[in-house]
Amino acid sequence: MAILLALTVATSRISEERGFRLIRFENVGLRYDMGPEVLRDLTFEIRRQSFQFLTGPSGAGKTSLLRMLFLALRPTRGLITVLGRDVATLSRKDLPSIRRRIGVVFQDFRLLDHMTTYENVALPLRVRGKEEREYRQDVVDLIKWVGLGERMNALPIVLSGGEKQRAAIARALIDQPDVLLADEPTGNVDAPLARRLLRLFMEAQPVRHRRGHRHPRSRPHGTGGCAPADSFGRTTGNL
Ligand SMILES: Nc1ncnc2c1ncn2[C@@H]1O[C@H](COP(=O)(O)OP(=O)(O)O)[C@@H](O)[C@H]1O
Ligand SMILES: [Mg+2]
C-alpha cells in the first residue's frame, strides 16, 4: 500500500521512495470548464510502500489532484496511469474494481449518519456482497486498532471530529487498498491529535506489511512496536 496525505503546510522535504509504481502522472493538466488551468505539467509517480505528503496553500489544487487520483475527475491533458491502466481508456464498468483498490479519507469524512462505526467501516465490504461472518472480525479488529473499540456501536453524530476521522481511516483501509489517500487529514484537529493521526497513518503501512496478514489485529494505536516511519520511503510534493 502507498499512502498520500494532502496537507496544507508550507514546508517541503524530499527523501527516497521505493517499490512498484502504482500511479503515474505525466504532464497532467486540469481545468474546470472554461476556467484557467488549476494544475499544470504534473509529472510524478506513487510507488508501493511510499508515504507521501502533498502540500500547498489553500486553492493550490490538492483536492483536485486527489480527485484525479481516485478517478473522480479526468485530467484535461496529460496521461494518468493507475495500477497499470491508462485512465483515459477505462470504461465505466472498469472503474469500481480499480476504485476499490484506492482507499480515500475525505476531508468531510462522508460517514453515513444512520450507521454505526461498525456499519460504516464494514460498508465497502457489504456493498461488494461479502458475507458478514467473513469480515466481522476484521472490522472489529481494525476499529480497535484505530482506537475506536469503545465507539463500535456509536452513530457519527456522537463522535468527535477526531473519532470520525479515525472511523473514516478504518473504512478506507478495510478493503485492503493498494493506495490510501487522505485529504487534509489533520486540517480540523488540534496539534496533539494531528500528531496522533499522522502516527496512525505511518503505522498503517508497516504493520500490515510486516505482519503479512490482512489487517493489524487487536492492537490499539499508539502502543508502539511498529517499525519507524523512516523505514519506508517518504516524499513531499509541493503544489
Ligand atoms: N468543481 C470545481 N469547479 C470549478 N473550480 C473548482 C472546482 N473545484 C475546485 N476548483 C478550483 O480549483 C482550484 C483548486 O482547488 P482545490 O483543488 O480545492 O485546492 P485545495 O484543495 O488545494 O485547496 C481553486 O481555484 C478552486 O476554486
Ligand atoms: Mg482541498
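**Strand pairing, ligand shell and confidence in a predicted model**

Strand 2 and strand 5 (residues 77–82) run antiparallel and are joined by five bridges. The model in which this pairing appears is a predicted one, and the pairing is a good place to start a tour of its sheet. Within this pair of strands, Gly-29 has Arg-77 of strand 5 as its bridge partner. Strand 2, which spans residues 21–31, is also joined to strand 3 by seven bridges, again with the strands running antiparallel. Here Arg-21 finds its bridge partner in Arg-47 of strand 3. Strand 5, for its part, pairs with strand 6 in the antiparallel sense over two bridges, and Val-82 stands opposite Arg-85 of strand 6.

Put together, these pairings give an open sheet of four strands in the order 3-2-5-6, with antiparallel pairing. Its edges are strand 3 (37–47) and strand 6 (85–86), each of which pairs on one side only. As general background, strands of a sheet pair through backbone hydrogen bonds, in either a parallel or an antiparallel arrangement.

The hairpin of strand 5 and strand 6 deserves a closer look. Two residues lie between its strands, and Leu-83 there takes a positive phi near 50°. Most residues other than glycine have a negative phi. Leu-83 counts as partly exposed because it has 15 C-beta neighbours inside 10 Å, where 20 or more would make a residue buried and 12 or fewer exposed. Gln-176 offers another positive value in a residue other than glycine, with phi near 55°. This residue sits in the loop between helix 5 (161–173) and strand 8 (179–183), and its 13 C-beta neighbours inside 10 Å are why Gln-176, too, counts as partly exposed. A further positive phi, of about 65°, belongs to Leu-71, just after helix 1.

Helix 1 itself links the backbone picture to the ligand. Its buried residues are Lys-62, Leu-65, Leu-66, Met-68 and Leu-69. These cover an arc of only 160° around the axis, so they fall on the same side of helix 1. Helix 1 (residues 62–69) also gives the most to the shell around ligand 1, contributing three residues. The shell as a whole is made up of Tyr-32, Gly-35, Val-38, Gly-56, Ser-58, Gly-59, Ala-60, Gly-61, Lys-62, Thr-63 and Ser-64. By character, three of the shell residues are nonpolar, seven polar and one charged. Lys-62 therefore appears both among the buried residues of helix 1 and in the shell around ligand 1, under the burial cut-off of 20 or more C-beta neighbours.

At the level of the whole chain, the secondary structure comes to six helices and nine strands. Of the 239 residues in the protein chain, 33% are buried. Among contacts with a separation of 6 or more, 74% are between residues 24 or more positions apart.

Confidence varies along the chain. The average pLDDT is 81, and 80% of the residues score at least 70. Among the elements, strand 1 (residues 2–7) has the lowest mean pLDDT, 65, while helix 3 (residues 117–127) has the highest, 97. The pLDDT is below 50 over residues 8–18, a stretch with 26 contacts in the model beyond near neighbours in sequence. It is likewise below 50 over residues 206–232, where 41 such contacts are present in the model.

Key. Residues numbered from 1 in each chain as written. Chains lettered and ligands numbered in written order. Predicted model: local features only at pLDDT ≥ 70, side-chain atom pairs only at ≥ 80, totals over all residues. Near = placed C-beta within 6 Å. Nonpolar A, V, L, I, M, F, W, Y, C, P; charged D, E, K, R; others polar. Pairing = 2+ DSSP bridges. pLDDT = per-residue confidence, 0-100. Contact = placed C-beta atoms within 7 Å. Arc of directions from axis to C-beta.
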